[in-house]
Amino acid sequence: MKIQTCDAPVSSESRRLSHIWFSFVAAIKAQHLRYATERKLNFLGDRELADIGLCRSDIPKLARLGPTELPLIREEHQANYRQPDGAFEGD
């Protein structure tokens with residue numbers, strides 16, 4: 001049994017439409033992932049967030065940037081709350 005295939009050339013217009021469609025689907029998937037990440041992190045308590053080095057105000061930024069940026073968010077968070085020179089942690 002011989003299978004027929006269509007060897008018709010694909011027009012640049014259909015390639016462009018295909019690219020637009022796949023870009024749209026990728027954007028929707030990325031947005032869904034951001035919302036899901038933000039929703040899950042909002043369910044954590046303040047103590048649990050502190051255990052992973054975050055505060056509640058970091059959640060939208062982390063959801064937008066993604067987990068690969070977590071070290072940068074932690075560094076920024078620590079820089080904002082650094083003790084002045086000569087101060088002890090218990091003070």
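Me: What makes Trp-21, Phe-22, Phe-24 and Ile-28 a nonpolar patch on the surface?

Reply: In this predicted model, Trp-21, Phe-22, Phe-24 and Ile-28 together present about 480 Å² of accessible area. Membership requires over 30% relative accessible area, and nonpolar side chains are joined within 5 Å. Ile-28, a residue of helix 1 (residues 12-42), has a relative accessible area of 42%, and Trp-21 has 52%. Phe-24 has 48%. These three values therefore satisfy the accessibility requirement of over 30%.

Me: Why is Trp-21 called exposed, and why is Phe-24 called partly exposed?

Reply: Exposed means over 50% relative accessible area, and partly exposed covers the range from 20% up to that limit. Trp-21, at 52%, therefore counts as exposed. Phe-24, at 48%, lies in the intermediate range and so counts as partly exposed.

Me: Why is the aromatic pair of Trp-21 and Phe-24 called tilted?

Reply: A search of the whole structure returns one aromatic pair. This pair is formed by Trp-21 and Phe-24, with 5.9 Å between the centres and 35° between the planes. The distance is within the 6.5 Å cut-off, so the rings pair; the angle is neither under 30 degrees, as stacking requires, nor over 60, as edge-to-face requires, and the pair is therefore tilted. Both residues belong to helix 1, three residues apart, about one turn of the helix.

Me: How do you know that Arg-16 forms a salt bridge with Glu-13?

Reply: The closest N and O atoms of Arg-16 and Glu-13 are 3.0 Å apart. The limit for a salt bridge is 4 Å, so the pair qualifies. Arg-16 and Glu-13 are separated by about one helical turn because they are three residues apart in helix 1. Arg-16, at 45%, and Glu-13, at 40%, are each partly exposed.

Me: What makes the contact between Asp-46 and Arg-56 a salt bridge?

Reply: The N to O distance is 3.0 Å, which is within 4 Å, and the contact therefore counts as a salt bridge. The pair connects distant parts of the chain, 10 residues apart: Asp-46 is in helix 2 (residues 46-51), whereas Arg-56 is in the loop between helix 2 and helix 3. Asp-46 is exposed at 54%, and Arg-56 is partly exposed at 34%.

Me: Why is the contact of Asp-51 with Arg-47 counted as a salt bridge?

Reply: The side chains of Asp-51 and Arg-47 meet at 3.9 Å, N to O. This value remains within the 4 Å limit, so the contact is counted. It belongs to a structure that holds three salt bridges. Asp-51 and Arg-47 lie four residues apart in helix 2, about one helical turn. Asp-51, at 54%, and Arg-47, at 62%, both exceed 50% and therefore count as exposed.

Me: Why is Ile-59 called buried?

Reply: Ile-59, in helix 3 (residues 59-65), has 0% relative accessibility. Buried means under 20%, so Ile-59 meets the criterion. Of the 91 residues of the protein, 14% count as buried. The C-alpha atoms of Ile-59 and Thr-37 are 8.5 Å apart, although 22 residues separate them along the chain.

Me: How do you know that Thr-37 is partly exposed?

Reply: Thr-37, a residue of helix 1, has 28% relative accessibility. This lies between 20% and 50%, and Thr-37 is therefore partly exposed. Its side chain reaches the backbone oxygen of Leu-33 at 2.8 Å.

Notes: Residues are numbered from 1 along each chain as its sequence is written. This is a predicted model: local features need pLDDT of at least 70, side-chain atom pairs count only at pLDDT 80 or more; totals for chains, interfaces and linings use all residues. Side-chain values use heavy atoms; hydrogens and water are left out. Patches are made of residues with over 30% relative accessible area and no salt bridge: like charges are joined within 9 Å, nonpolar side chains (Val, Leu, Ile, Met, Phe, Trp, Tyr) within 5 Å. Accessible areas come from the Shrake-Rupley method with a 1.4 Å probe; for residues, only the protein chains shown count as cover. Helices (H or I, at least four residues) and strands (E, at least two) are DSSP runs, numbered from the N terminus. Buried means under 20% relative accessible area, exposed over 50%, partly exposed in between (1.4 Å probe, protein chains only). Rings of Phe, Tyr and Trp (its six-membered ring) pair if their centres lie within 6.5 Å; planes under 30 degrees apart count as stacked, over 60 as edge-to-face and the rest as tilted. A polar contact is a pair of N or O atoms within 3.5 Å; within protein, one must be able to donate a hydrogen and the other to accept it, and residues adjacent in sequence count only if both atoms are side-chain atoms.
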